[in-house]
Amino acid sequence: MEKYSQKIDEYIEKSQDFAKPILNYIRETVHEFCPDVEETMKWNFPHFIYKGKNLCAMASFKQHCTFGFWLEKEMKTMRETTRDIEKNSMFSLGKITKIQDLPSKPQLKKAILEAMELNDMGVTLKKAPVSKTEAIIHEDFQKALNDHKKALEVFHNASLSFRKEYALWISEAKTEATRNKRIEQALEWIAGGKGRNWKYEKKPS
């Protein structure tokens, strides 16, 4: 592994113009406060590694970027920082379209140092207990499924985890507008047989 990976250089270069300054800013900030960090590509997006363990990661898409910490659920700083953020992307910092959408430099420093400390302490991701109870479907989502025969068929034939991921995503929406938007997107993905996090699933080589 390298301090600065050429693959990350290439990833940033291929990103949308709006994303390049955001990704470069994140990258330099992580290196500034974690001098021992190394870079690598995992699951097709950039990861920052500290003492052999995932520290944080970033990604860019057509209209937004994402950034977050591997152990963010264990981090006090992240709970405080994301308290009022709509968690609608792969990381809890939400959709980032400009550098100003990120936490302030002091906040990022505090978060990076806490993430490093957790890695030093050997903290690992806690696996959620497996629940065999059926997913609780929001009534608006159920109505939408009933009106979409293809999505309804795929949804009911899918695994319990598949159904739960969509049900939780939709039920966690803080506003009706967000919920409706998620339902519309969910119907499209489900009808295509795609899981909630299909964009981030590792593609077979």
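**Fold, salt bridges and surface charge**

Of the contacts in the protein chain between residues at least 6 apart in sequence, 63% join residues at least 24 apart. The model analysed here is predicted. The protein chain contains 8 helices and 4 strands, arranged along the sequence in the pattern α-α-β-β-β-β-α-α-α-α-α-α. The chain comprises 205 residues, of which 42% count as buried. The area exposed by the protein chain is about 12300 Å², and carbon and sulfur atoms supply 51% of it.

Salt bridges were examined next. Side chains of opposite charge can pair when their charged atoms come close. With a limit of 4 Å between a side-chain nitrogen of Lys or Arg and a carboxyl oxygen of Asp or Glu, the count comes to 8 salt bridges. One of these salt bridges joins the side chains of Lys20 and Asp17, with an N to O distance of 3.5 Å. Asp17 counts as exposed because its relative accessible area is 61%, where the category requires a value over 50%.

A further salt bridge is formed by Glu32 and Lys105, whose closest N and O atoms are 3.2 Å apart. This pair links distant parts of the chain, since Glu32 belongs to helix H2 (residues 19–33) and Lys105 to helix H4, with the two positions 73 residues apart in numbering. Glu32 has a relative accessibility of 47% and is therefore classed as partly exposed. Lys105 is likewise partly exposed, at 30% relative accessibility.

In the pair Lys98 and Asp101, the closest N and O atoms of the salt bridge are 2.9 Å apart. Lys98 is partly exposed because its relative accessibility is 40%, and Asp101, with a relative accessible area of 28%, is also partly exposed. Elsewhere, Asp9, Arg27 and Glu39 are joined into one network by salt bridges that share partners.

The surface also carries a patch of positive charge, in which Lys62, Lys95, Lys181, Lys194 and Lys199 gather. Among these residues, Lys95 is located in the loop between helix H3 (76–81) and helix H4 (105–120). The relative accessibility of Lys95 is 40%, so this residue counts as partly exposed. Membership of a patch requires over 30% relative accessible area and no salt bridge, and the value of 40% for Lys95 satisfies the area condition.

Two further positions were examined individually. Tyr200 is found in the segment after helix H8 (176–191). With a relative accessible area of 21%, Tyr200 is partly exposed; the buried class would require a value under 20%. Tyr200 and Phe45 are separated by 155 residues in sequence, while their C-alpha atoms are 8.9 Å apart in space.

The second position concerns backbone geometry. Most residues other than glycine have a negative phi. Lys51, although not a glycine, has a positive phi of about 55°. Lys51 lies in the loop that runs between strand E2 (45–50) and strand E3 (53–60). The relative accessible area of Lys51 is 58%, and the residue is therefore classed as exposed.

Conventions: Residues numbered from 1 in each chain as written. Predicted model: local features only at pLDDT ≥ 70, side-chain atom pairs only at ≥ 80, totals over all residues. Heavy atoms only, no water. Patch = residues over 30% accessible without salt bridge, like charges linked within 9 Å, V, L, I, M, F, W, Y side chains within 5 Å. Areas by Shrake-Rupley, 256 points an atom, 1.4 Å probe, with all protein chains shown as cover. Lys, Arg positive; Asp, Glu negative; His and termini not counted. Charge placed at Lys NZ, Arg CZ, Asp CG, Glu CD. Buried < 20%, exposed > 50% of the residue type's maximum accessible area, 1.4 Å probe, protein only. Contact = heavy atoms within 4.5 Å.
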